[in-house]
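Student: I am new to this structure. Could you take me through one part of it closely, and then show me how the rest is put together?

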Amino acid sequence: MGLAAYLGKRIVRLVLSLVAVSVLTFTLLQLAPGNFADLQRVNSGATNFGGVGTESVVGELASRYGDDVPMWKQYLIFMKGALQWDFGPSYKYASRDVQDIIAEAFPVSATLALIAVVLALLIAVPIGVFAALRHNSKTDHGTMFLVTLGHALPSYLTAAFLILLFSATLKWLPSGGWSGPANLILPVLALSLGPAAVLARYVRSSMLETLREEYVTAALAKGGPPRTVIVRHVLRNSLIPLVTVVGPLLAALMTGTVFVEALLRIPGLGLYFANAAASRDMPLLMGTALFFALILMVTNLVVDLVYGVLDPRIRTEGGGSHHGH
């Protein structure tokens with residue numbers, strides 16, 4: 001019963017959090033100056049919009065969410081659709097429904113995030129281990145300094161620097177777009193350096209903690225080969241806590257690629273989110289914000305469950321048993 005009750009409690013919390021996000025996003029959108037129709041009139045000189053007369057589009061929007069309907073009712077209309085995975089048509093991309101845009105754009109952002117996390121781990125684990133085994137040496141301090149520097153730089157600044165270097169100066173890589181594997185290199189690099197820095201510090205401190213454990217000292221005192229002891233005991237146990245960091249990191253990257261996607265013109269969810277915010281596209285902005293929130297919350301829930309399986313102490317503290325794992 002323990003797990004079912006825990007899951008139930010977490011799911012209720014997740015639903016309440018999503019409602020809070022939706023209310024907050026909707027309220028902020030209403031408070032923002034100008035609406036979609038006004039911005040379209042300004043931008044297009046009220047002539048046409050996507051081949052359709054702006055006035056007819058504005059009229060259509062008014063009938064769906066329009067100015068004639070009070071705010072609270074607009075919100076309820078939107079949420080009723082959202083519960084059925086129907087966010088309605090986007091204002092900016094008039095011929096497309098928001099859920100179709102999410103279904104098409106999210107795999108792009110997820111691909112970037114997954115590859116970036118894998119690359120971050122490939123960079124971080126060796127660096128973390130290397131620094132921990134040379135604890136307090138100049139190498140350790142130098143490595144950690146570089147790592148902190150990597151963490152301090154926001155991904156869009158890194159992306160801008162990489163574009164300048166590899167596209168503008170060296171002409172090796174495309175400066176944007178999404179047409180082939182070469183387009184993956186710059187965004188993945190830009191997105192992976194920050195997480196790699198976080199993970200390297202995490203691996204290092206986790207390794208140092210495990211190296212101080214009695215069983216490691218005992219294994220080394222018995223004359224076990226240091227490499228075997230480190231790989232078999234220290235590394236294995238040091239990497240378990242990484243699960244708690246990698247999960248949220250992946251979610252954060254999937255939902256936090258807005259600036260990098262906008263900069264590199266990558267048709268992921270981040271780019272659509274940025275465009276929706278700029279043009280006050282209420283359905284698209286609400287849809288993507290709710291979807292982002294859902295991804296973050298579900299990932300955190302999965303991480304907690306996986307960590308409970310990997311680390312029996314957590315389960316026994318929670319009253320569960322850990323036989324048969």
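In which loop does R280 lie?

Tutor: R280 lies in the loop between α13 and α14. Keep in mind that this is a predicted model.

Start with the backbone there. R280 has a positive phi of about 55°, although R280 is not a glycine. Most residues other than glycine have a negative phi. The position is just after α13. That helix covers residues 269-279. Its buried residues are L269, G270, L271, Y272, A276 and S279. On the other side of the loop comes helix α14, residues 282-310.

A second residue belongs beside R280. W85 also has a positive phi, near 55°, and is a residue other than glycine. W85 is found in the loop between α4 (71-83) and α5. With a relative accessible area of 40%, W85 is partly exposed, because that value falls between the 20% and 50% cut-offs.

Now follow α14 away from the loop. D304 sits in this helix. D304 forms a salt bridge with R10, and the closest N and O atoms are 2.6 Å apart. R10 belongs to helix α1 (residues 2-31), so this pair links distant parts of the chain, 294 residues apart. The two partners differ in burial: R10 is buried at 14% relative accessible area, while D304 is partly exposed at 36%.

The count of salt bridges comes to three. Another joins R204 and D140, at 2.8 Å from N to O. R204 lies in helix α8 (residues 182-211) and D140 in helix α6 (residues 138-152), so the bridge ties together parts 64 residues apart in sequence. Both R204 and D140 are buried. R96 and E104 form a salt bridge too, with their closest N and O atoms 3.2 Å apart. Here R96 is partly exposed, at 21%. E104 is exposed, at 52%.

Helix α8 also has a packing partner. Helix α7 (residues 155-169) and α8 pack with their axes 8 Å apart, at an angle of about 140°. The two helices are therefore oblique to each other. Their crossing is right-handed. On the α7 side, the contact uses S155, T158, A159, L162, I163, F166 and S167. On the α8 side, it uses L186, L189, A190, L191 and L193. The spacing of such contacts can be read with one general rule. An α-helix has 3.6 residues a turn, so residues three or four places apart point the same way.

Pick out I163 from that set. I163 lies in helix α7 and is buried, with a relative accessible area of 17%. Leaving out residues up to four places away in sequence, I163 touches A168, S175, L186, L263 and L264. Its C-alpha atom is 9.5 Å from that of P187, a residue 24 places away along the chain.

Another helix pair can be set beside this one. Helix α9 (residues 214-221) and helix α10 (residues 226-239) have axes that come within 10 Å and cross at roughly 170°. They are therefore roughly antiparallel to each other. This crossing is right-handed as well. Y215, V216, A219 and L220 of α9 make the contact with P226, V229, H233, V234 and N237 of α10.

Next, the nonpolar interior. The largest nonpolar core has 76 residues, and F78 and L199 touch the most other members. Helix α5 (residues 98-133) gives the largest share of this core, 17 residues. Look at L199 in detail. Setting aside neighbours within four places in sequence, L199 is in contact with A120, L121, A124, L242, V245, V246 and L249.

Finally, step back to the whole chain. The secondary structure comes to 15 helices and two strands. The protein chain has 325 residues, and buried residues make up 42% of them. Among contacts between residues at least 6 apart in sequence, 70% join residues at least 24 apart. The bridge between R10 and D304 is a pair to keep in view here, as it links distant parts of the chain. Then return to R280, in the loop between α13 and α14, and trace the path again from there.

Terms used: Residues numbered from 1 in each chain as written. Predicted model: local features only at pLDDT ≥ 70, side-chain atom pairs only at ≥ 80, totals over all residues. Heavy atoms only, no water. Core = buried A, V, L, I, M, F, W, Y, C linked by side-chain atoms within 4.5 Å. Buried < 20%, exposed > 50% of the residue type's maximum accessible area, 1.4 Å probe, protein only. Helix = DSSP H or I, 4+ residues; strand = E, 2+ residues; numbered from the N terminus. Contact = heavy atoms within 4.5 Å. Salt bridge = Lys/Arg side-chain N within 4 Å of Asp/Glu carboxyl O. Axes fitted to C-alpha atoms, helices over the stretch in contact; angles between N-to-C directions. Parallel < 35°, antiparallel > 145°, perpendicular 65-115°, else oblique. Left-handed = near helix turned anticlockwise from the far one by under 90°.
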